[in-house]
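Take a moment to look over the chain below. Then follow this report from one end of it to the other.

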Amino acid sequence: MKENELSMMRRALELGRLGDPSPNPHVGCVIAQGDKIVAEGHHAQAGGDHAEVAALRVAGDAAKGATLYVTLEPCNHEGRTGPCVDAILAAGIRAVVMGCRDPNPRVAGGGLERLETAGVEVRTGVLEPECAELVRPWAHFITTGTSYLALKLAVSLDGRIATRTGASKWITCSESRSRVQQLRAQHDAVLVGVATVLADNPRLTVRDVPGRSPIRVIVDSRLRIPATAQVVQTAQQTPTCVVTTPAAPRSAAEELEALGVRVIRVPATAEGRCEPSAILEELASREVVNVLCEGGAELAGSLLAAQLPKELHVFVAPVLLGPRGRPGAVDWAGPESPPDAPRIDPVHWELCGSDAYVWGPLVSPKKRT
């Protein structure tokens, strides 16, 4: 693999991490004549130019005979915008170097095949793992029809999220809380259980860091959420959903809807709780690509028991809250033995102020090879 190709694709990856294109994927693009970059682009937002088209607009006539480096296979179908392949061919691009193929089962391979048929030199698989990582949540969303779920926990050294009196503000340091704000801004929705709303009355918005506030989703099987809750009172400003079961009172649902809250009913489990997988299916049907669950313990436990989280973020504070602290971080039966436990792999460890921050993809034993 040529060093020039690697450096161009690394730059395309940097560009691809920019923007807020959901429900479309993050994509970055570089156009070069030899070793000289003549244009760059990224997919900034849904409905706007795709990365290739954005770069081609900048390149103008300099695109003729150039090489286009792109992190994801150019699209060959009509969506919110026209096919990128059309623009590439019209610009006279000589060669296309792509990181990973499009995982969308409706269009996989179409862009590559059309470029090759038209006589464009195509090379694939340059920095493929990194390019696939860039679109991992979107790839899950587009291939499974469910939202990609990340789980966030903030715990003491002994795994508690509150003291024996129920106090939880603040276990972690300000740097960790700022990182959580950044995580929220990177997700389409933030998910909590009603117990978290009742205990903390959170706003669940993005503050003090750049980025939009995600859709707020509260799981509440019996519609216990009060109309006075901050998430309800501000539903007109920040989109808010409450997920409940068919058995929840209609009068409570109507009161919430009158205040601007969208009520979504999903099937109930045998215990009368909201079916976890159905929550992610309903959110995906509303073009929610990725979701950050911030608790509480019961919701986190039900999601883990169903092996739904694909990513885990844990902030560990250097404090001890005691064995009678309530509750534990996760309320679930758990594995029978350590080899059966879900684990982060590959794992990333960081210092976040005075806290330890561990994060990465969450792998369930049944899915290991």
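## A hairpin, a ring cluster and a helix

In strand S2, His42 is the bridge partner of Gly28. This comes from a predicted model. The bridge belongs to a wider pairing: S1 and S2 (residues 36-42) run antiparallel and share six bridges. The two strands form a hairpin with two residues between them. Gly34 in this hairpin has a positive phi near 65°.

Now step back along the chain. Asn24 sits in the loop between helix H1 (3-16) and strand S1 (28-33). Is Asn24 buried or exposed? Its relative accessible area is 18%, so Asn24 counts as buried, the limit being under 20%. What does its side chain touch? The side chain of Asn24 makes a polar contact with the side chain of His43, at 3.1 Å.

**Aromatic rings**

How many aromatic pairs are there? The count is two. Phe315 and Tyr357 make one stacked pair, with 4.3 Å from centre to centre and 0° between the planes. This pair links distant parts of the chain. Phe315 lies in strand S12 (residues 311-316) and Tyr357 in strand S15 (residues 355-363), 42 residues apart. Tyr357 also pairs with Trp359. Their planes stand at 25°, so this pair is stacked too, because planes under 30 degrees apart count as stacked.

| Ring pair | Centre to centre | Angle between planes |
|---|---|---|
| Phe315 and Tyr357 | 4.3 Å | 0° |
| Tyr357 and Trp359 | 6.2 Å | 25° |

Together, the ring pairs join Phe315, Tyr357 and Trp359 into a cluster. Phe315 and Tyr357 are both buried. Tyr357 has a relative accessible area of 2%. For Trp359 the value is 26%, so this residue is partly exposed: it falls between the limits of 20% and 50%.

**Helix H12**

Which residues of helix H12 (residues 297-305) are buried? They are Ala297, Leu299, Ala300, Gly301, Leu303 and Leu304. Several elements cover these buried residues. Among them are strands S6 (148-155), S7 (189-193) and S8 (215-219). Helix H11 (276-285) and strand S11 (290-293) are also included. So is S15, the strand that holds Tyr357. After H12 comes Gln307, with a positive phi near 55°.

Key
Residues are numbered from 1 along each chain as its sequence is written. This is a predicted model: local features need pLDDT of at least 70, side-chain atom pairs count only at pLDDT 80 or more; totals for chains, interfaces and linings use all residues. Side-chain values use heavy atoms; hydrogens and water are left out. Helices (H or I, at least four residues) and strands (E, at least two) are DSSP runs, numbered from the N terminus. Buried means under 20% relative accessible area, exposed over 50%, partly exposed in between (1.4 Å probe, protein chains only). A polar contact is a pair of N or O atoms within 3.5 Å; within protein, one must be able to donate a hydrogen and the other to accept it, and residues adjacent in sequence count only if both atoms are side-chain atoms. Two strands pair if DSSP finds at least two bridges between them. Rings of Phe, Tyr and Trp (its six-membered ring) pair if their centres lie within 6.5 Å; planes under 30 degrees apart count as stacked, over 60 as edge-to-face and the rest as tilted. Contact means heavy atoms within 4.5 Å.
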